[in-house]
Amino acid sequence: MAAAHVLVFPFPLQGHINCMLHFATALVGAGVHVTFLHTEHNLRRLGGRASASAPAGSSPRIRFLSIPDGLPDDHRRSVADLFELFKSLAAEAIGPFRALLAPSPTTGSPAADVSVDPTSGFPPVTCLVADGLLPWALDAAEELGVPAVAFRTVSACSFLAYLSVPKLFELGELPFPAGGAGLDEPVRGVPGMESLLRRRDLPSLCRRPNETDDVGPAQQALAKLSADSGKARALILNTAASLEQSALAHVAPRMGDLFAVGPLNAMSSPAPASSLWSEDDGCIAWLDGQADRSVVYVSFGSLAVITRDQFTEFLYGLVAAGYPFLWVLRPDMVEAGQDAALREAVGGAGGSSKAHVVAWAPQRDVLRHRAVGCFLTHAGWNSTLEAAVEGVPTVCWPFSADQQINSRFVGAVWKTGLDMKDVCDRAVVEKTVREAMESAEIRRSAQALAQQVRRDVAAGGSSATEFDRLVKFIKKLST
Ligand code: UDP
């Protein structure tokens, strides 16, 4: 049997990289060779951290390569320009990607190993695991004789919501306007969630900002992108049956095969380094000086951008709640904000010992720190899972994409936090943060969920068993 060598290719955004690097590390732990494919831009940002992230003792089985994303280096690659990144990757990265996998003229076998690094000792690539947001990579691999498996880094519930878009149109539940009381209307077209979802809980793309906007084509395109994962040999999701059993059951019949192997952040160890920003470890020393469960950790992930008014409401709400807080303020996070002025505002309002600001935190270390009492988050799927694994209650203020539905699950299904979506008001921030910090019930639910998901990824648990099945599946594809 040929040694399995998987090319793992995430969409080049922080949340996708983190999740798929955990996956790659777990594969390496299972004896599989992995080439992890970055874009050149991101590999430059990672610098030495990329290769330093190979798990200790097993580094000979993982390596990091890159291809261009086709955008100029000074391009912002921000949330507002994501479509450009999509287009540019599909148009410009496809050539180098094919070259990486193209059969070697001498051996006739896929030759990522020989064409790039003849001394690596890596066997030829036998399988591609690519982000479902890169359908062209999945198609190209199959064309070149390399079996392709899709990986989506979102929750199963949001994936199912995307799959359900055509049905929502059919039922007349889409489109609807972005604002107003209508957002509380129930939505019945997502199977298994008929009595759970309101319009406001659907992925943000389902909202129509203006009466005249036609977002239908974009919604249908996203639905198609999700349905197209069904053309791959299988779909991998970073979730667990205990978290999203019903959604998984509805997704499975539409995919070649389905593997729920999460939360991957609890599975792979040691944690690989993958931050595109440089982590400010000083916040851990600051946390060391705080009492147990006394701190509110605030982070809205790698992409969200808030207005200056929203920043002010959060700031005053946090100060009024009265707990010390650690706030991740990326330099590009507040519209028209000046980094120094914002930091000063937080320091001034919070008092120097009560507030600590960093541009980027070692989030998983923060969440497992004894001083953290709750997490004010945008409910990105990675952040949601990282909080779940550590049993930290959350206050969710979803910004976009799948975050709206993730936060509904946090507040109404798992009951491990509170959903503050669509409201940004200092009094509500104060009240919600206090409740998340003080509610014994929420803390109990968060801790029970943490125990459950840790069981899921431990030997014999549902995700660990699915992961073993996946490794066998990949090894079979590699023969
Ligand atoms: N993250 C981090 N430090 C920070 C903020 C975020 O390491 O200061 C990591 C976080 O742990 C998570 C990822 O960035 O793994 C963000 O992914 P998520 O899906 O939560 O949100 P996105 O950035 O995709 O909106």
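In which loop is proline 263 found? In this predicted model, proline 263 is found in the loop between β9 and α11 (282–288), and the peptide bond that leads into this proline from glycine 262 is cis, with omega near -10°. The chain is assigned two domains, domain 1 (5–156 + 222–274 + 459–477) and domain 2 (282–454), and the shell around the ligand draws at least three residues from each of them. The points below take up the two sheets, the meeting of the domains, the ligand shell, a pair of crossing helices and some details of the backbone.

**The sheet of seven strands**

- Seven strands form an open sheet whose order is β3-β2-β1-β4-β5-β8-β9, and the pairing in this sheet is parallel.
- At the edges of the sheet stand β3 (62–67) and β9 (258–260), each of which pairs on one side only, while the twist from one strand to the next averages 25°.
- Strand β2 (residues 33–39) runs parallel to β3 and is joined to β3 by six bridges; within this pairing, leucine 37 stands opposite leucine 65 in β3.
- Helix α6 (residues 135–143) lies across three strands, namely β1 (5–9), β4 (127–131) and β5 (148–152), and runs at about 165° to β4.
- Helix α19 (residues 462–477) also packs on the sheet, where this helix touches β1, β4, β8 (235–237) and β9, and the direction of α19 makes about 140° with that of β9.

**The sheet of six strands**

- Another open sheet is formed by six strands in the order β12-β11-β10-β13-β14-β15, again with parallel pairing.
- The edge strands here are β12 (355–358) and β15 (417–419), both pairing on one side only, and neighbouring strands of this sheet are turned against each other by 15° on average, with direction ignored.
- Within the sheet, strand β10 (residues 295–299) pairs with strand β13 (residues 372–377) in the parallel sense over five bridges, and valine 298 has leucine 376 of β13 as its bridge partner.

**Where the two domains meet**

- The centres of domain 1 and domain 2, taken over C-alpha atoms, are separated by 29 Å, and 19 residues of domain 1 are in contact with 19 residues of domain 2.
- On the side of domain 1 that touches domain 2, α1 and α10 (241–251) each supply at least two residues, and α1 gives the most, with four residues.
- By class, the residues on this side of domain 1 divide into nine nonpolar, ten polar and no charged.

**The shell around the ligand**

- There are 18 residues around the ligand, of which Gly15, Gly301, Ser302, Gly380 and Ser383 come nearest.
- Three helices, α1 (14–29), α14 (363–367) and α15 (381–390), each supply at least two residues of this shell, and the most comes from α15, which gives four residues.
- Sorted by class, the shell around the ligand holds five nonpolar, eleven polar and two charged residues.

**The crossing of α15 and α18**

- Helix α15, which also contributes to the ligand shell, has an axis that comes within 6 Å of the axis of helix α18 (residues 440–457), and the two axes cross at roughly 100°.
- This crossing angle makes α15 roughly perpendicular to α18, because angles of 65 to 115 degrees count as roughly perpendicular.
- The contact is made by Ala388, Val389 and Glu390 of α15 together with Leu449, Ala450, Val453 and Arg454 of α18, and these residues divide into five nonpolar, no polar and two charged.

**Details of the backbone**

- Most residues other than glycine have a negative phi, and most peptide bonds are trans, so the following places deserve a careful look.
- The peptide bond from leucine 174 to proline 175 is cis, with omega near -5°, and proline 175 lies in the loop between α8 (165–170) and β6 (176–177).
- Arginine 293 has a positive phi of about 50°, although this residue is not a glycine, and its place is in the loop between α11 and β10.

Note on methods:
Residues are numbered from 1 along each chain as its sequence is written. This is a predicted model: local features need pLDDT of at least 70, side-chain atom pairs count only at pLDDT 80 or more; totals for chains, interfaces and linings use all residues. Two strands pair if DSSP finds at least two bridges between them. Axes are lines fitted to C-alpha atoms, for helices over the stretch in contact, and angles run from 0 to 180 degrees between N-to-C directions. A residue is near a molecule or strand if its C-beta atom, placed from the backbone, lies within 6 Å of it. Ala, Val, Leu, Ile, Met, Phe, Trp, Tyr, Cys and Pro count as nonpolar, Asp, Glu, Lys and Arg as charged, and the others, Gly among them, as polar. Domain bounds come from an automatic or database domain assignment. Angles under 35 degrees count as roughly parallel, over 145 as roughly antiparallel, 65 to 115 as roughly perpendicular and the rest as oblique. Two residues are in contact if their C-beta atoms, placed from the backbone, lie within 7 Å.
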